[in-house]
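Here is a protein model to explore together. Have a look at the fold first, and then we'll walk through it piece by piece.

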Amino acid sequence: MTELTLGQAQRLTAPAPFALLCVRKADGSDNLMAVSWWTYLSNHPPMLGVCLSKKGLSGSLIERGGVFTLSVVGEQLQDAALQCGRCSGREHDKAREFGIPLEKASAVEASLVSDSRAAFECRLADQIEAGDHVFYLAEILACRGDAEIKQLFAFDGYARLGTV
Ligand SMILES: Cc1cc2nc3c(=O)[nH]c(=O)nc-3n(C[C@H](O)[C@H](O)[C@H](O)COP(=O)(O)O)c2cc1C
């Protein structure tokens with residue numbers, strides 16, 4: 001083995017499961033963010049975690065509203081979902097601009113991405129500072145999905161999405 005930078009290690013350990021995180025903005029619209037640093041945390045109670053850069057908008061919106069959704073989107077959104085990781089909701093209405101269909105969630109205010117393989121409705125339980133990121137731990141309040149949808153994964157860090 002040879003010494004690796006963290007970036008090289010992240011590229012080597014791809015693919016990473018990919019999702020779109022949705023959180024409500026102050027104006028009532030939904031903001032979508034590309035996320036590959038997410039993980040299941042607990043079965044009882046059901047919990048997952050997302051690790052978000054301090055630079056983006058979504059983390060501050062989660063801290064304000066206390067809820068978000070995480071949708072493991074399908075291959076039909078390959079191009080649009082990547083765009084959600086290339087710009088901020090501070091300047092963009094990503095769902096409208098990239099044509100991403102949303103539907104109402106059952107337990108939280110933020111919307112779900114329609115036609116996802118799995119979509120989770122989450123309530124913030126705790127948060128931990130992790131260097132330049134914040135790790136948000138959340139309880140899963142509801143979950144729905146469709147086994148016929150082929151899920152997307154992130155390859156080469158944040159560079160591209162694809163199926164396996
Ligand atoms: C494939 C992919 C995966 C990403 N995963 C994450 C992630 O897990 N955590 C993170 O903080 N940013 C991640 N990003 C970058 C954010 O999606 C990006 O900074 C986005 O502009 C933040 O949007 P916001 O400002 O509307 O919250 C990813 C980007 C791509 C393209």
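Let's start at a small spot: D156 is partly exposed, because it has 14 other C-beta atoms within 10 Å, and a residue needs 20 or more to be buried. Keep in mind that this is a predicted model. D156 sits in the loop between β11 (153-155) and β12 (160-162). Its phi is positive, about 55 degrees, although D156 is not a glycine. That's worth a second look, since most residues other than glycine have a negative phi, and most peptide bonds are trans.

D115 is another case: its phi is near 55 degrees, again positive in a residue that isn't glycine. You'll find D115 in the loop between β8 (112-113) and β9. With 17 C-beta neighbours inside 10 Å, D115 also counts as partly exposed.

What about cis peptide bonds? One joins A14 and P15, with omega about 5 degrees, and another joins H44 and P45, with omega about 0 degrees. P15 belongs to the loop between α1 (6-12) and β1 (16-17), while P45 is in the loop between β4 and β5.

Now for the sheet. Seven strands make up an open sheet, ordered β3-β2-β6-β9-β10-β5-β4, with antiparallel pairing. At the edges are β3 (30-35) and β4 (38-42), each paired on one side only. On average, neighbouring strands here are turned by 35 degrees against each other, direction ignored. As background, strands of a sheet pair through backbone hydrogen bonds, either parallel or antiparallel.

Here are three of the pairings, each with one residue pair you can look for:

| Strands | Bridges | One bridge pair |
|---|---|---|
| β2 and β3 | six | L20 and A34 |
| β2 and β6 | three | C22 and T69 |
| β5 and β10 | seven | S53 and H133 |

The hairpin of β2 and β3 has five residues between its strands, and G28 there takes a positive phi near 90 degrees.

Helix α2 (residues 58-65) packs on the sheet. This helix touches β2 (19-24), β3, β5, β6 (67-72), β9 (118-130) and β10, and its direction makes about 50 degrees with that of β2.

Is β2 mostly covered or mostly open? Covered: six of its six residues are buried. A19, L21 and V23 point one way from the strand, while L20, C22 and R24 point the other way.

That leads us to the inside of the protein. The largest nonpolar core has 39 residues, and A19, L20, L21, F68 and A81 have the most contacts inside it. Which strand gives the most to this core? It's β2, with five residues. To see some of this up close, click on F68: leaving out residues up to four places away in sequence, F68 touches L21, C22, V23, I62, A110 and C122.

Finally, check out the ligand. It's surrounded by 21 residues, and the closest are W37, G56, S58, G85 and S88. The residues of this shell divide into 13 nonpolar, eight polar and no charged. β3 and β5 each supply at least two of the shell's residues, and the largest share, four residues, comes from β3. So β3, which is an edge strand of the sheet, also shows up around the ligand.

How values were computed: Residues numbered from 1 in each chain as written. Predicted model: local features only at pLDDT ≥ 70, side-chain atom pairs only at ≥ 80, totals over all residues. Pairing = 2+ DSSP bridges. Axes fitted to C-alpha atoms, helices over the stretch in contact; angles between N-to-C directions. Contact = placed C-beta atoms within 7 Å. Core = buried A, V, L, I, M, F, W, Y, C linked by C-beta atoms within 7 Å. Buried ≥ 20, exposed ≤ 12 C-beta atoms within 10 Å, placed from the backbone. Near = placed C-beta within 6 Å. Nonpolar A, V, L, I, M, F, W, Y, C, P; charged D, E, K, R; others polar.
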